[in-house]
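Visitor: I have a model open and would like to learn how to read it. Where do we begin?

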There are 2 protein chains.
Amino acid sequence: MATIFDVARAAQVSHQTVSRVLKGDPTVGAPLRERVEQAVRELRYRPSAAARALASRRTRTLGMITVGQPYYGPSSTAQGFNAAARGAGWDVSIEALEDPDGADLPEAVAALRSRDVQAVVVVAPTPEVRAATLQVPDRDVPFVMAGGGDDGFAGVALDQRAGAVAATRHLTDLGHRRVALLAGPAHWADAADREDGWRAALAEAGVEPGPLVRGDWSAASGAAAAEALRDAGATAVFCANDQMALGLLHALHRSGLRVPEDVSVVGFDDIPEAAFFTPALTTVGQDFAALGRALLGEVERLVAGGETPPALAAPRLVVRDSTAPPR
Amino acid sequence: MATIFDVARAAQVSHQTVSRVLKGDPTVGAPLRERVEQAVRELRYRPSAAARALASRRTRTLGMITVGQPYYGPSSTAQGFNAAARGAGWDVSIEALEDPDGADLPEAVAALRSRDVQAVVVVAPTPEVRAATLQVPDRDVPFVMAGGGDDGFAGVALDQRAGAVAATRHLTDLGHRRVALLAGPAHWADAADREDGWRAALAEAGVEPGPLVRGDWSAASGAAAAEALRDAGATAVFCANDQMALGLLHALHRSGLRVPEDVSVVGFDDIPEAAFFTPALTTVGQDFAALGRALLGEVERLVAGGETPPALAAPRLVVRDSTAPPR
DNA sequence: AGCTGGAGCCCTAACTTCGCA
DNA sequence: ATGCGAAGTTAGGGCTCCAGC
């Protein structure tokens, strides 16, 4: 590969001038700039990221840690973050954890650190991974959590609470007085926010909170919750994500209960498949790509001291066929 | 940060000895090795990846390009690849393309090249992205395609054809004589393999191929295909992925046809939700994590000249409730 | 065999020099 | 002289590799 000196020789300038042209320094005169740019093109010169990092002590690299199953939300968030980062000239180094308990987190963080990433973004952090992250010695770069910061972490999250309020209010507006929550796992920030919203909307409507059953985000856990929900006499169930709603729909169908005639069901996330559930799922749509971009905004704020990223749009209710007034 | 010289001083050896200990060189004597290891621990020394890359001209970094929607299969494959790569000491730099037509591919490849990645893995390459990849000038590192190589690319794929044969044979064994294919998009390697398997199994059973309708992997396209499939009188449909099967189930239900009584449906992939479709979907399970590991194996073979990775386990049929003998 | 020393990888940052109003 | 804009020069950054001892 050509080096910066080869380019300098070809353009008959010093290597420093080449460096200046590369970074768009305006103090380089037009004629020299031309010559350098042409030499770069002719030699197909690409600067070496390694040498740059070594000399400048900045790697222009961010670390991204993903956790758990490849669900739609986290995957979309990661993708949005990625695209935004590339657009801003960042390189993204990824570490996919296999263990939701975070057993492989130290190893992953070590790998990112030896890469000298300038910040780390954690997507879909389980409570265990959050805790493990706190244990990391010498956290000398910013960590940003997708899905809400706390415990001394920065974080960015969509307004889950507002989404949950919209979903629950939709049910009370339909006349439901026994509105259950099929919640996400305890200690997850996302799950807690959705639970808060559910409680708030019910309080506002003057309705006692219905039964609360906890799942683990999976369709299987949604199916497993069906019996308890039915026994508790819920006429409507707000599910903390679409997968659990799918499992619930499945189990209700099996037990002979009809949706929405016997029970109304609302999901959360609006995964692309939700419109094709049977019946089509009423759910809450979220803009994960925007969340990804916001994560990058927060990272840049922490790294370079930019301004606070603009607030994210609130999730919006998408009404389909799985909700109706109670009988 | 501590440098290798700091460690050398603390351990009273030369920096070169430290380097040897770090890479596990057996020519270092036990006492020195001890001293060095202790100094490393005490100083919390981590080698600088940038300096290493610069000096050794090897970055120990792989590029991964992902394309399109975050579907379960590709996401799982990416995750498996990632975990395997970290285990083998590779760093993975990721580029998520937003445009399935590959408009942002050159930019992504340029980013990876300036990072001096030693190989590039492309997950879920659309035909457009394959084509765009061929246009990349100076492809000086190996490119490995997940989902089958050709056009001068290396590739690793699960045996889609065998899976498709199993799915189709299951339907003919049940007595179906009019077995349709809800195919993936034209020109996708995966789609073609599944189509081949369908044809082969039908030929073997002495059954004329039923209608073939093409979708785009999405549930929406599966729903859109329902009418054409019904009009063609198919009693069974093999869908090239689970999402399209979901859309089909949904549309069939709406039009009053019952599954499996009126039509049998088989999917492909066995996404975690498939067991909770209504009815539970008979489908073909694939080990995406193994595919991810095999991708890494192929990369290492190309980079270091290792042995050919072992063959992947064949996909296996998972029979649930969406298939039955024709009436 | 077991260890040390120095050169070199490719850049950037800081300083220096040059030329001209 | 004075100052400033536009270039060049030098010194590392932290490691591996290749002689040497």
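Visitor: How are H1(B) and H2(B) oriented to each other: roughly parallel or roughly perpendicular?

Guide: Note at the outset that this is a predicted model. Now the general idea. Two packed helices are described by the angle between their axes and the distance between the axes. Here H1(B) and H2(B) pack at about 100°, and their axes are 8 Å apart. Angles from 65 to 115 degrees count as roughly perpendicular. H1(B) and H2(B) are therefore roughly perpendicular to each other.

Visitor: Which residues of H1(B) and H2(B) meet?

Guide: From H1(B), look at B:Ile4, B:Phe5, B:Val7 and B:Ala8. They meet B:His15, B:Val18 and B:Ser19 in H2(B). By class, this contact has 5 nonpolar residues, 2 polar and no charged.

Visitor: At what angle do helix H1 and helix H2 of chain A pack?

Guide: In chain A, H1 covers residues 4–11 and H2 covers residues 15–22. Their packing angle is about 100°, with 8 Å between the axes. H1(A) and H2(A) are therefore roughly perpendicular to each other. A:Ile4, A:Phe5, A:Val7 and A:Ala8 of H1(A) make the contact with A:His15, A:Val18 and A:Ser19 of H2(A). The count for that contact is 5 nonpolar, 2 polar and no charged residues.

Visitor: On to the DNA. Which residues are closest to DNA strand D?

Guide: Start with the neighbours, then go to atom pairs. DNA strand D is surrounded by 30 residues. The closest are A:Thr17, A:Gly29, B:Ile4, B:Gln16 and B:Tyr45. Of the strand D atoms that come within 4 Å of the protein, 60% belong to sugar and phosphate. The surface near strand D is made up of 12 nonpolar, 12 polar and 6 charged residues.

Visitor: Which elements supply at least two residues each to the surface near DNA strand D?

Guide: From chain A, they are H2 and H4 (49–56). From chain B, they are H1 (4–11), H2 (15–22) and H4 (49–56).

Visitor: Now the atom pairs. Which part of DNA strand D does a polar side-chain atom of B:His15 lie 3.2 Å from?

Guide: Sort such pairs by what the DNA offers: base or phosphate. B:His15 places a polar side-chain atom 3.2 Å from a base oxygen of strand D. For B:Lys23, the partner is a phosphate oxygen, 3.3 Å from a side-chain N or O atom. B:Ser48 uses a polar backbone atom, 3.1 Å from a phosphate oxygen of strand D.

Visitor: And which residues come nearest to DNA strand C?

Guide: Take the same steps. Strand C has 29 residues around it. Nearest are A:Gln16, A:Tyr45, B:Thr17, B:Gly29 and B:Arg57. Sugar and phosphate make up 63% of the strand C atoms that come within 4 Å of the protein. This surface divides into 11 nonpolar, 12 polar and 6 charged residues.

Visitor: What lies 2.7 Å from a phosphate oxygen of DNA strand C?

Guide: A polar side-chain atom of A:Ser19. The bases of strand C have partners too. A polar side-chain atom of B:Gln16 is 3.1 Å from a base oxygen. A backbone N or O atom of B:Ala55 is 3.4 Å from a base oxygen. H1, H2 and H4 of chain A, with H2 and H4 of chain B, each give two or more residues to this surface.

Visitor: How many residues of chain A are in contact with chain B?

Guide: Count residues, then read the buried area. Here 56 residues of chain A touch 55 residues of chain B. The area buried between the two chains is about 5000 Å². Carbon and sulfur atoms give 52% of it. A:Arg86, A:Arg115 and A:Phe276 supply 15% of what chain A buries against chain B, more than any other three residues.

Visitor: Last, the backbone. Is the peptide bond from A:Thr278 to A:Pro279 cis or trans?

Guide: Read omega. That bond is cis, with omega near -5°. A:Pro279 sits in the loop between strands E9 (264–266) and E10 (283–285) of chain A. In chain B, a cis peptide bond joins B:Val259 and B:Pro260, with omega about 10°. B:Pro260 is in the loop between helix H11 (242–254) and strand E9 (264–266).

Visitor: What is phi of A:Trp217 near?

Guide: Phi is near 85°, a positive value in a residue other than glycine. Look for A:Trp217 in the loop between strand E7 (212–214) and helix H10 (219–231) of chain A.

Note on methods: Residues numbered from 1 in each chain as written. Chains lettered and ligands numbered in written order. Predicted model: local features only at pLDDT ≥ 70, side-chain atom pairs only at ≥ 80, totals over all residues. Heavy atoms only, no water. Axes fitted to C-alpha atoms, helices over the stretch in contact; angles between N-to-C directions. Helix = DSSP H or I, 4+ residues; strand = E, 2+ residues; numbered from the N terminus. Parallel < 35°, antiparallel > 145°, perpendicular 65-115°, else oblique. Contact = heavy atoms within 4.5 Å. Nonpolar A, V, L, I, M, F, W, Y, C, P; charged D, E, K, R; others polar. Near = heavy atom within 4 Å. Polar contact = N/O pair within 3.5 Å; in protein donor to acceptor, adjacent residues only side chain to side chain. Buried area = accessible area lost by both parts, 1.4 Å probe.
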